Every structure is written in C-alpha cells, then in structure tokens.
Amino acid sequence: MNAVCEPEEALESQPETAILEERATMPARPATSPTRIVLTGFMGAGKSTVGRLLAERLGWRFVDVDEAITEKAGMPVTQIFAKYGEFVFRRMETSAIAHALGERDAVIALGGGAVEVLANRLLLEQTPRTTVAFLEASLPVLLARCHAQDGGETRPNLSTAEERFQYRAPLYRRVARLRLNTGEQTPQQIAAALQEMAGVGASTDLP
Ligand SMILES: Nc1ncnc2c1ncn2[C@@H]1O[C@H](COP(=O)(O)OP(=O)(O)OP(=O)(O)O)[C@@H](O)[C@H]1O
Ligand SMILES: O=C(O)C1=C[C@@H](O)[C@@H](O)[C@H](O)C1
Ligand SMILES: [Mg+2]
C-alpha cells in the first residue's frame with residue numbers, strides 16, 4: 001500500500017490539520033531562553049532577509065533552509081521543482097529542517113511552504129529551546145515583494161499563491177509563539193523587535 005498521498009490530495013484533504021486543531025494550546029512560553037529562533041511565514045515575508053540580520057545581531061549562525069536544499073541538490077529551488085516536482089522538494093526540505101534544528105545558537109529561515117508538511121510542524125513543536133516566529137504581511141504586500149525580486153516571477157507556487165496563503169495562515173499561527181507584522185517596518189527594525197520579543201541577546205539575557 002502506498003501510504004504517501006499525492007501533493008494535490010494533501011492540499012485538498014486536511015486530516016492532519018483537523019487533528020492539530022484539537023490541540024488546546026500552542027507551545028508554551030519556554031522556561032529557559034531559546035537557543036534556536038525559527039522564522040516562518042509566506043514567501044516574501046522576509047524570513048531570509050530578517051533572519052540574516054537577526055543572526056548578526058545575536059552573533060549566532062544563520063541557516064537558510066532553501067539555501068541548504070539548493071546546496072545539497074546543486075541547483076536552484078525553481079529547478080528542483082521543475083525537474084523533480086514539489087513532493088521531492090518537500091522531502092528534501094524536511095531533511096534540511098531536521099538537520100538545521102540540530103544546531104545551537106542558530107537563526108533558521110524556513111521556506112514559505114514548510115508548514116504544509118505535518119512532519120515539519122511536529123519537528124518545530126517538539127524541538128526544545130526553539131522559538132518560532134511568524135512574519136506576517138498582507139498578500140498584496142508579499143506578492144509585490146516577490147515580483148520586485150530578480151527572477152521573482154518564476155518562483156514556484158506563485159500561480160497558487162492565493163489558495164496557499166489561505167491554507168497556510170492557520171498553520172503559521174499554530175506553529176509560532178511569536179507573531180510580527182512586517183508590512184510597515186524595515187528588516188532591521190523587525191530583527192531588533194524579534195530579538196526583544198524572543199528575550200535573547202546581551203541586553204535581555206542578563207541574570
Ligand atoms: N520588511 C520588509 N520591507 C520591505 N521589503 C522587504 C522586507 N522584508 C523583506 N523584503 C524584501 O522582500 C523580498 C523577499 O524577502 P525574503 O527573500 O527575505 O523573503 P522570504 O520570506 O525569505 O521568502 P521565501 O519564502 O521565498 O524564502 C526581498 O527582496 C527583500 O529585500
Ligand atoms: O511558498 C512556497 O511554497 C515556497 C517558498 C520558498 O521559500 C521555497 O521554499 C519554494 O520556492 C516554495
Ligand atoms: Mg527565504
């Protein structure tokens with residue numbers, strides 16, 4: 001029996017979402033300060049841009065999951081989608097996320113679609129001392145940012161952005177303990193705010 005469903009089926013039926021919906025609460029505030037900050041949110045939210053800045057502020061390592069996959073595959077994400085399809089990309093993504101969560105003192109930028117996969121959400125929830133932050137913005141703002149980027153029009157999944165945005169919204173909220181609207185702030189301001197909200201770094205980590 002084939003236990004793995006097709007990507008189309010996975011998008012249409014959402015049994016795993018229903019199961020998670022029954023959980024009463026999201027990850028509780030940790031008793032100790034985090035040693036990993038993970039950024040989630042839709043494409044164009046600024047996970048890579050802000051993540052890099054936050055890692056610099058903290059003197060932590062920065063891991064961009066899309067970049068890790070690109071490096072491993074030896075080709076850009078767009079090409080992985082074109083050559084192998086989204087399913088293969090998602091399998092690589094889960095492996096890259098598991099690997100990244102093995103790091104300490106790391107800021108980790110996820111890809112925009114990582115929350116669609118149950119295994120990824122469980123990894124995020126169950127890795128100790130890990131704070132997940134959801135970078136939010138409206139869909140028009142996000143799409144404008146994507147289109148303004150070099151080669152932005154060829155991004156995978158842009159043609160289904162509207163449906164994916166709706167489908168993912170509750171999943172981002174579910175995995176994240178912190179939420180931040182990025183619509184009117186610069187990446188520098190967002191990185192500073194995240195540092196404060198996560199309670200890490202020299203100024204907030206003193207006894
Ligand atoms: N707060 C912001 N204000 C204005 N532009 C921003 C902001 N954050 C990011 N950008 C711009 O939006 C574009 C996308 O940013 P970035 O690549 O960091 O997004 P991402 O969340 O990592 O997307 P993806 O899911 O595709 O990896 C970049 O050109 C970046 O400079
Ligand atoms: O939103 C998505 O589905 C994606 C976002 C990017 O970060 C990449 O992970 C890839 O282009 C898919
Ligand atoms: Mg990115």
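In this predicted model, buried residues account for 33% of the 207 residues in the protein. The chain folds up into ten helices and five strands. Looking at contacts with a separation of 6 or more, 77% come from residues 24 or more positions apart.

Helix H7, spanning residues 118-126, gives a handy look at how burial plays out along a helix. Asn120, Arg121 and Leu124 are its buried residues. These three sit on the same side of H7, because the arc they cover around the axis is only 100°. As for what lies over them, the cover includes two strands, S1 (36-40) and S4 (130-136), along with two helices, H6 (86-100) and H9 (161-175).

Helix H6 turns up again in a helix pair. In general, a packed pair of helices is described by two things, the angle between the axes and the distance between them. For H5 (residues 77-84) and H6, the axes come within 7 Å of each other and cross at roughly 130°. H5 is therefore oblique to H6, since an angle has to be over 145 degrees to count as roughly antiparallel. On the H5 side, the contact is made by Ile80, Phe81 and Tyr84, while H6 puts in Glu86, Val88 and Phe89. Sorted by class, that contact has five nonpolar residues and one charged residue, with no polar ones.

Next come the two ligands. Around ligand 1 there are 19 residues, and the ones that come nearest are Gly46, Ser48, Thr49, Gly112 and Arg145. Two helices, H3 (47-58) and H10 (187-198), each supply at least two residues of this shell. H3 gives the most, with three residues. By class, the shell around ligand 1 breaks down into eleven polar, five nonpolar and three charged residues.

Ligand 2 has its own set of neighbours. Met43, Asp66 and Val77 are among them, as is the run of glycines Gly111, Gly112 and Gly113. Arg155, Pro156 and Asn157 also help surround ligand 2. Its shell splits into four polar, three nonpolar and two charged residues. Gly112 is worth a second look here: this glycine is one of the residues that come nearest to ligand 1, and it also belongs to the group surrounding ligand 2.

Terms used:
Residues numbered from 1 in each chain as written. Chains lettered and ligands numbered in written order. Predicted model: local features only at pLDDT ≥ 70, side-chain atom pairs only at ≥ 80, totals over all residues. Buried ≥ 20, exposed ≤ 12 C-beta atoms within 10 Å, placed from the backbone. Helix = DSSP H or I, 4+ residues; strand = E, 2+ residues; numbered from the N terminus. Arc of directions from axis to C-beta. Contact = placed C-beta atoms within 7 Å. Near = placed C-beta within 6 Å. Nonpolar A, V, L, I, M, F, W, Y, C, P; charged D, E, K, R; others polar. Axes fitted to C-alpha atoms, helices over the stretch in contact; angles between N-to-C directions. Parallel < 35°, antiparallel > 145°, perpendicular 65-115°, else oblique.
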